[in-house]
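Me: Got a minute to go through this model with me? I'd like to jump around a bit.

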Amino acid sequence: MAVELKVPEVGESITEVQIGEWLKKVGEAVKRDEPVVMIETDKVTVELPSPVDGVISEIKLTAGTNASVGDIVGFVEEGAVASDSGASDSGASDSGSSGQASGQAEGAPAPAAPAKAPSAPTPTAPARSQDSMPRGNEEPRVMPAAQRELAQRGMDASQVTGSGPGGRILKEDVQQARAPEPSAPAPKSAAPAPKPAAPAPRASTSDREQEVVAMSPMRKRIAERLVESQQSAALLTTFNEVDMSEVMAMRKQYQPLFTDKYGIKLGFMSFFVKAACDALKLIPQVNAQISGTDIVYHNYMDIGVAVGGGKGLVVPVIRNAERLSFAEVELTISDFGARAKKNALKLDELQGGTFTISNGGVYGSLMSTPIINPPQSGILGLHGIQDRPVARNGEVVIRPMMYIALTYDHRIIDGREAVTFLKRIKECVEEPSRMLIEV
C-alpha cells in the first residue's frame, strides 16, 4: 500500500516551505522514522521521516519546489523490498546516467533492467568499495558557486566537508577548507624553457558567466524583516567605546579554572549578555515593544544572540538570561553555535526575543549600525577589539578598545535613555564587579 509523505506543520506562522535535498531516491528502501527529504523554512531546516518501512515509490515534488503544509511530496510503498536490480540501476545513475536520474526526479518508478545477453556483455565501470561511498551511494552534491571555488583553488570535492542540507557542498565550505600544499618545483632542465604562450584575450562582458539562484526561504524572510524594520520604526543609532582591559584580565586569570569546571572557554559574549540584562533593568523601554497604540513591557529578558549557521545568520534566543550564570550563558551560546552549523536549531529557539546582541567583530567589523529585529525596540552591536591610544589619569596609554552601538526605535526610546543604556553597558564591562553588587 502506498503511504503519503506530507509536508508537516513546522510552526504556527509558517504555511509555505521549500523542498530541500532528497536523501532517498525512487526504488530505495527506507526504515520507519528514517529521514527521507529535507524541508526548508524561513527559519529552520527539518527532516521529513518515513512513517513506515518500505520503498520510495514516487517523488512528486523535487528539490527547490515551493509547497504548503499538508502537500504530498511523495509516496512510500509500505512493506516493499528494494530489488538488487533497482540498487544496481541507482548506482549507475550516480556515476553518470543523468537521463535516468532526471526521470526518477520527476516521480516515475525506475524501469526494470533488461536481461543481459551472455554473448555480448556490456563493459561497466569498476565498482567502488562500500567504505568509500557516501550515504545512499551518491557523491556529495557540489553547488555551482562551490564548484567554481574548487577550480580556482585547485581542490577536489573530496577535500571538503559539506554543511548544506543532505551534505551538499557550499561555497563557504570550500573557503573554510585548506587548499593543498603546493608541490615541489620540478628540477631544472638543461634544455631552454619554451617561450610562454601569448595571453588569451579578455572576455567581454557578454561572455562572462552569471548564475541566477532562487532565494532560500530563510534569505527571503530575512530580507522581508529588514525592510519591515526600516519602514515601520524610527531607527536611530548611538555609539560608545569600551575598554576591554578588565574583561581580558579576568578571562586570562580564570580561564583554566573555568575550562576545567565547565568544559568550555569563557568568552566575551557572556559579559555583554549579563551587562545587557543589567542595563535593561535600568532602562526597561529598551526591553519593551509597541503594540498598536500601547507599549508592552517585558518583565523577563529573552536575549537573542546572532550566530553564523550553515544557511546564514540566525538569532537563537537565550531564555530568561537574567537568571543565568556566566557559565550557563556560555554553554547555551556554544550549543546554539554548534547546532546552527548543522541547521539543527528548533523553531521555538528562534522566536520571541525581547532584545538582540549582534557581534560583527568576529568578522572584522570596526563599526556598524545594526538593524533591530521587529517587534523588538533595540539591538546592541559589538565590534572588533583594537589596541588604541587613550588618555588615562593624564597620560596616553595603549588599551584594547571596542566600539559598541545601540540601534533603537525612537518612537518608544528617547535619546537620553538610549545613551544611558549604552553608558551602563560600558560601565559593566569595564568594571565587571559592578554587576555582582548591582551598583
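**Walking through the model**

Reply: Sure, and let's start at one spot: setting aside neighbours within four places in sequence, glutamine 386 is in contact with Leu366, Arg399, Pro400 and Met401. Keep in mind that this is a predicted model.

Me: Where does glutamine 386 sit?

Reply: In strand E17, which covers residues 378–392.

Me: And what is the C-alpha separation between glutamine 386 and arginine 399?

Reply: It's 8.0 Å, with the two residues 13 apart along the chain. Arg399 is also on the contact list of glutamine 386.

Me: How accessible is glutamine 386?

Reply: Its relative accessibility is 38%, so glutamine 386 counts as partly exposed.

Me: OK, zoom out. How many helices and strands does the chain have?

Reply: There are 10 helices and 18 strands in the protein chain.

Me: What share of the residues is buried?

Reply: Buried residues account for 37% of the 439 in the chain. As for the surface, the chain exposes about 25300 Å², and 53% of that comes from carbon and sulfur atoms.

Me: What about contacts in the chain between residues at least 6 apart: what percentage join residues at least 24 apart?

Reply: That would be 63% of them.

Me: Switching to pockets. How much space is in the second largest one?

Reply: About 920 Å³. The lining has 35 residues, and those closest to the centre are Ile222, Arg225, Val315, Leu350 and Asn373.

Me: Which elements give two or more residues to that lining?

Reply: Helix H5 (217–232), strand E14 (312–314) and strand E16 (355–359). H5 has the largest share, with seven residues.

Me: How does the lining of the second largest pocket split by class?

Reply: It has 16 nonpolar residues, 13 polar and six charged.

Me: Now salt bridges. How many are there?

Reply: The count comes to 17. One of them pairs glutamate 349 with arginine 339, at 2.8 Å from N to O.

Me: Why does the pair of glutamate 349 and arginine 339 tie together separate parts?

Reply: Because glutamate 349 is in the loop between helix H8 (326–341) and E16, while arginine 339 is in helix H8 itself; the parts joined are 10 residues apart in sequence.

Me: Are those two buried or exposed?

Reply: Glutamate 349 is buried, at 15% relative accessibility. Arginine 339 is buried as well, at 18%. The cut-off for buried is under 20% relative accessible area.

Me: And which residue does glutamate 4 form a salt bridge with?

Reply: Lysine 6, with the closest N and O atoms 3.4 Å apart. Glutamate 4 has 37% relative accessibility, so it counts as partly exposed. Lysine 6 is in that class too, at 43%.

Me: Which residues are linked in a salt-bridge network?

Reply: Asp278, Lys423, Arg424, Glu427, Glu431 and Arg434. Within that group, the side chains of arginine 434 and glutamate 427 meet at 4.0 Å from N to O.

Me: How do arginine 434 and glutamate 427 fall on either side of the buried cut-off?

Reply: Arginine 434 has a relative accessible area of 22%, so it is partly exposed. Glutamate 427, at 19%, counts as buried. Under 20% is what buried means here.

Me: Last topic: backbone oddities. Where is there a cis peptide bond?

Reply: Between proline 374 and proline 375, with omega about 5°. Proline 375 belongs to the loop between E16 and E17.

Me: Which residues have a positive phi without being glycine?

Reply: Asparagine 393 has a phi of about 55°, and glutamate 438 also has a phi of about 55°. For background, most residues other than glycine have a negative phi, and most peptide bonds are trans.

Me: Where are asparagine 393 and glutamate 438?

Reply: Asparagine 393 is in the loop between E17 and strand E18 (395–409). Glutamate 438 is in the segment after helix H10 (433–437).

Me: Buried or exposed, those two?

Reply: Asparagine 393 is exposed, with 82% relative accessible area. Glutamate 438 counts as exposed too, at 59% relative accessibility.

Terms used: Residues numbered from 1 in each chain as written. Predicted model: local features only at pLDDT ≥ 70, side-chain atom pairs only at ≥ 80, totals over all residues. Heavy atoms only, no water. 1 Å grid on protein atoms, 1.4 Å probe; cavity = no way out; pocket = protein on both sides within 12 Å on 5 of 7 lines; lining within 4 Å. Points joined across faces, edges and corners; volume = space filled by probe spheres on them. Helix = DSSP H or I, 4+ residues; strand = E, 2+ residues; numbered from the N terminus. Nonpolar A, V, L, I, M, F, W, Y, C, P; charged D, E, K, R; others polar. Buried < 20%, exposed > 50% of the residue type's maximum accessible area, 1.4 Å probe, protein only. Contact = heavy atoms within 4.5 Å. Areas by Shrake-Rupley, 256 points an atom, 1.4 Å probe, with all protein chains shown as cover.
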